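Visitor: I should like to learn how the inside of a protein model is read. May we take the features one at a time?

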Amino acid sequence: MTRMRRMKLCGFAMLGLALGIGTASAQDKTFELKLSHWVPPSHPLQKAIEDWGASVEKDSGGTIKYKVFPAQQLGKAFDHYDMARDGIADFSYVNPGYQPGRFPVMAGASLPFLFANGKEGSAAIDAWYRNYAAKEMKDVKYCFAFVHDPGTFHSRKKITVPGDVKGLKVRPATSTVGQLITSLGGTNVQASAPESRDMLERGVADAITFPWGSIGLFGIDKVVKYHMDVPLYVTPFVWVMNKGKYDAMSTAQKKVIDDHCTSEWAQKVAGPWADFEFAGHAKMAALSGHEIYKLTPEQLDAWRKAAAPSEAQWADSVKKVGEDPKAVMDALKASLAKYKSAL
């Protein structure tokens, strides 16, 4: 066989391989994913999810398409975990704290005075929770976790020391924050973020724990005037997928999904929101009729001591599901230190 003939045969073989790969990709079933969240379309999370979906579509060669359903179009905020489980949504944005007691390990991330920021904190919480998600959220395919920039108390009455919470009706961001409210003699008022302004306006709640930028986005700045200037807590969120939809995909398509379910993507999706919440502090300070106040070292120390029983309650709930709360919390703090998000 001449050298030229061998080269031609080799070329034909390579072309056949390339065509085979192309055919395999073209034969993949096309999926149109429903991506559901419950914040307004004007929220930074809307574009972040759109960008995530567009990247999935591009990397899948157009075989995984998407449509974003914002503002509770497919179901209430409280129902989003079950919506992903049941296939009402293919991906959904979940606040685990909306269902007290259901996700005890994740609840540890909303304990007070842990997170310093949202961007790095999102990578930290995702890297940590991957060790527990398969067990605690076994009904869905876990994609990633993230947090907003730290939030605090916003209220109709000034709150400076833990004793000020006694007798107040407070909408807590998470079940863990709710435990703190109860331990201080307050009453928890359950409401999703979109429902919160109405609760405060009608006097059903006196205060809310919320991040800074979202106070204006949800119109809550119209019904509260006092704002405690301290990084009190963050709310953990997860982006989860319907298991059946994932299992129906080809190996190549599953890899595309897996490549978009990483700590890097957690930080990328959370980044614009973190910037938005951080900027909200300055916007609130510029508004007339609002008081933003810092705590004295003594007041801050009193809050840290008041939060201790909440961690003890959390530890008991983690023990009940067979986990070691000290090991879980040490792992979270180590991840926060690694990603430079520890207070």
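The dialogue below treats empty spaces, a sheet and nonpolar cores in turn.

Guide: This is a predicted model, in which local features need pLDDT of at least 70 and side-chain atom pairs count only at pLDDT 80 or more, while totals for chains, interfaces and linings use all residues. Residues are numbered from 1 along each chain as its sequence is written, and side-chain values use heavy atoms, with hydrogens and water left out.

Visitor: How is empty space found, and how many cavities of 30 Å³ or more does the whole structure have?

Guide: Rolling a probe the size of a water molecule over the atoms shows where empty space is left. On a 1 Å grid over the protein atoms alone, a cavity is a set of points where a 1.4 Å probe fits but cannot get out; a pocket is an open set with protein on both sides within 12 Å along at least five of seven lines; lining residues have an atom within 4 Å of a point. Grid points are joined across faces, edges and corners, and a volume is the space filled by probe spheres set on the points. Here the search finds four cavities of 30 Å³ or more.

Visitor: Which residues lie nearest the centre of the largest cavity?

Guide: They are Trp38, Ala193, Phe210, Pro211 and Phe237, out of 20 lining residues. The elements giving two or more residues to this lining are β8 (207-210) and α12 (263-285); helices (H or I, at least four residues) and strands (E, at least two) are DSSP runs, numbered from the N terminus. The space in this cavity is about 140 Å³. Its lining has twelve nonpolar, six polar and two charged residues, where Ala, Val, Leu, Ile, Met, Phe, Trp, Tyr, Cys and Pro count as nonpolar, Asp, Glu, Lys and Arg as charged, and the others, Gly among them, as polar.

Visitor: What lines the largest pocket?

Guide: The lining consists of Ala116, Asn117, Asp149, Pro150, Trp212, Asp229, Val230, Pro231, Glu277, Phe278 and His281. Helix α12 supplies the largest share, three residues. This pocket holds about 220 Å³ of space, and its lining comprises six nonpolar, two polar and three charged residues.

Visitor: How is a sheet read, and in what order do the six strands of the open sheet stand?

Guide: Two strands pair if DSSP finds at least two bridges between them. The order is β7-β6-β8-β5-β9-β11, with mixed pairing. At the edges are β7 (187-188) and β11 (291-293), each of which pairs on one side only.

Visitor: Which strands pair with β5?

Guide: Strand β5 (residues 152-155) pairs with β8 in the antiparallel sense over four bridges. Within that pair, Thr152 stands opposite Phe210, and Ser155 has Ala207 as its bridge partner. Two bridges also join β5 to β9 (residues 226-228), again antiparallel, and there His154 is partnered by His227.

Visitor: What is a nonpolar core, and how many residues has the largest one?

Guide: Such a core is a set of buried Ala, Val, Leu, Ile, Met, Phe, Trp, Tyr and Cys residues joined through side-chain atoms within 4.5 Å; buried means under 20% relative accessible area, with a 1.4 Å probe and protein chains only. The largest has 47 residues, and Tyr93 and Trp239 are among those with the most contacts inside it. Its largest share, six residues, comes from α12. Apart from it lies another core of 32 residues, including Phe103 and Leu332.

Key: Buried < 20%, exposed > 50% of the residue type's maximum accessible area, 1.4 Å probe, protein only.
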